[in-house]
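Visitor: I'd like a walk through this one, with some reasoning along the way. Could you take my questions as they come?

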Amino acid sequence: RYVDPSGNERAKDFSRKYDAERFLVSIETDKLRGDWVDPRLAKTSFAERTGRWWGTTSHLKTYTRDGYESLLRVHVFPRFAQTSLGSIQAVDIREWLADLDRSGLSASRIRQASFLLAQILRSAVESGYLAKDPCVGVKLPRMQIPEMRFVNAAQVEALASAIREPYGVLVNTLAYAGLRWGEAVALRRGRCELLRSRLHVVESLSETSEGLLFGATKTYQRRTVVIPGFLRDQLAEHLATHVGATDDALVFTSPNGEPLRRANFSRRVWKPALETASLDLRPHDLRHTCAALLIAEGAHPKAVQAQLGHSSIQVTMDRYGHLFPSAAEELAGRLDAVHRRTQIPETPGIALA
């Protein structure tokens with residue numbers, strides 16, 4: 001018999017007194033270290049614990065929950081659903097990751113699945129189901145940084161000219177305001193302050209299992225974007241011609257006035273325009289283009305961060321740092337000058353008779 005940290009008396013049977021005494025010593029040691037776990041909780045299946053954890057995720061955006069549900073169903077549950085929490089070891093997680101890698105799953109998707117598993121197991125530790133998180137120390141596959149695709153101003157103009165009306169102004173809004181797709185298609189008349197050449201980015205449109213949902217931006221932050229004069233004029237004409245008079249009227253819609261769906265727009269409008277303009281890029285690449293254009297014109301990294309709405313300057317530098325002018329050439333020139341100053345000038349030769 002022993003008393004758990006909550007003061008409840010518990011009992012466990014042993015056939016030998018020696019084994020019982022060793023068990024009691026281990027229990028007291030775990031209690032002193034704070035590592036004691038209720039054995040009954042440790043027998044809980046991963047699926048059961050996930051169900052309780054899922055109830056705590058209501059604050060997440062719907063498309064995030066949709067992504068988690070897909071990861072659980074396709075990649076996590078097939079391996080761990082019926083496994084008891086206490087029996088999940090680091091080696092099991094490493095074997096699972098190796099299996100996912102052998103299946104051809106991308107490093108990005110493997111990392112997403114691993115992060116989700118770690119979230120659930122960490123919550124199990126916090127709730128006393130586990131003494132420690134078996135994910136700690138498990139190495140994940142390296143992420144390959146995808147090559148950024150962007151185009152120049154002339155190519156943006158070619159695409160804007162090739163695309164079906166009235167979506168040329170949408171192309172320029174993506175390329176010169178740097179809005180995300182969801183932010184652009186959620187833009188409303190009342191948030192276009194054109195007298196001051198400003199767009200107020202307040203919400204984003206997401207396509208989820210529950211349908212189209214308007215919600216907060218990706219970083220949950222509002223921002224104000226200053227736009228160039230030509231885009232201000234294009235938007236003013238667009239608002240007068242194609243947008244309803246109410247403040248909540250969407251600026252960019254389908255031909256029948258409905259919110260733009262990415263897949264429909266891509267198939268019916270975007271891809272035909274790409275063929276005409278001889279380009280290969282996604283709508284999101286116009287956001288990268290905005291960053292490249294700003295940097296080429298000498299914008300400070302903080303200005304780029306503010307325009308694009310990144311959560312931190314680190315995000316901006318990680319993605320676009322290679323586009324900023326490098327000081328390496330200047331430093332190399334300075335080192336060359338240092339080296340030249342150390343050289344002893346040659347003494348002119350003396351002619352002998």
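Guide: Gladly. One term to start: contact, or touching, means heavy atoms within 4.5 Å. Keep in mind as well that this is a predicted model.

Visitor: Let's start there, then. Which residues does L235 touch, not counting residues up to four places away in sequence?

Guide: L235 belongs to the largest nonpolar core and is listed there with L170, F265, W270 and L286 as touching the most other members. Leaving out residues up to four places away in sequence, its contacts are V169, T173, L194, L199, I227, V251 and F252.

Visitor: How many residues are in that largest nonpolar core, and which elements give two or more residues to it?

Guide: In soluble globular proteins, nonpolar side chains tend to be buried together. Here the largest such core has 42 residues. The elements that each supply two or more of its residues are α7, α8, α9, β4, α10 and α11.

Visitor: How many residues are in the other core that lies apart from it?

Guide: Members of that other core include L100, L117, C135 and V138. Its size is 26 residues.

Visitor: Stepping back, what share of the protein chain is buried?

Guide: The chain has 15 helices and 7 strands. Its length is 353 residues, and the buried share of them is 38%.

Visitor: And among contacts with a separation of 6 or more, what percentage is between residues 24 or more positions apart?

Guide: This count takes the contacts in the protein chain with a separation of 6 or more. Residues 24 or more positions apart account for a share of 65%.

Visitor: Back to the helices. Is α7 parallel or oblique to α11?

Guide: The axes of α7 (residues 153–162) and α11 (residues 262–277) come within 8 Å and cross at roughly 125°. Roughly perpendicular stops at 115 degrees and roughly antiparallel needs over 145. The angle falls between those limits, so α7 and α11 are oblique.

Visitor: What classes of residue make up the contact of α7 with α11?

Guide: The crossing of these two helices is right-handed. From α7 come A158, L159 and A162, and from α11 come W270, A273, L274, T276 and A277. By class that gives 7 nonpolar, 1 polar and no charged residues.

Visitor: α3 and α6 pack as well. How is α3 oriented to α6?

Guide: Helix α3 (residues 46–54) and helix α6 (residues 107–126) have axes 10 Å apart, at an angle of about 85°. The range from 65 to 115 degrees counts as roughly perpendicular. The angle lies in that range, so α3 and α6 are roughly perpendicular.

Visitor: And how many charged residues are in the contact of α3 with α6?

Guide: On the α3 side are F46, R49, T50 and W53, facing L116, L117, Q119, I120, L121, S123 and A124 of α6. They divide into 7 nonpolar, 3 polar and, for charged, 1.

Visitor: How many residues of α8 are buried?

Guide: The buried ones are G168, V169, L170, V171, N172, T173, L174, A175 and A177. The helix is largely enclosed by the rest of the structure, because its buried count, out of 10 residues, is 9.

Visitor: Now the backbone oddities. Which peptide bond is cis, with omega near 10°?

Guide: Most residues other than glycine have a negative phi, and most peptide bonds are trans. The cis bond here leads to P166, in the loop between α7 and α8. With omega near 10°, the bond runs from E165 to P166.

Visitor: S197 and S278 caught my eye too. Is S197 buried or exposed, and is S278 buried or exposed?

Guide: S197, in the loop between β3 and β4, has a positive phi of about 55°. S278, in the loop between α11 and α12, has a positive phi near 55°. Buried means under 20% relative accessible area and exposed over 50%. At 10%, S197 is therefore buried, while S278, at 64%, is exposed.

Visitor: One last residue: which residues is T316 in contact with, leaving aside its neighbours within four places in sequence?

Guide: T316 sits in helix α14, and with 0% relative accessibility it counts as buried. Its contacts, those neighbours left aside, are P301, V304, Q305, H310 and G321.

Terms used: Residues numbered from 1 in each chain as written. Predicted model: local features only at pLDDT ≥ 70, side-chain atom pairs only at ≥ 80, totals over all residues. Heavy atoms only, no water. Axes fitted to C-alpha atoms, helices over the stretch in contact; angles between N-to-C directions. Helix = DSSP H or I, 4+ residues; strand = E, 2+ residues; numbered from the N terminus. Parallel < 35°, antiparallel > 145°, perpendicular 65-115°, else oblique. Left-handed = near helix turned anticlockwise from the far one by under 90°. Nonpolar A, V, L, I, M, F, W, Y, C, P; charged D, E, K, R; others polar. Core = buried A, V, L, I, M, F, W, Y, C linked by side-chain atoms within 4.5 Å. Buried < 20%, exposed > 50% of the residue type's maximum accessible area, 1.4 Å probe, protein only.
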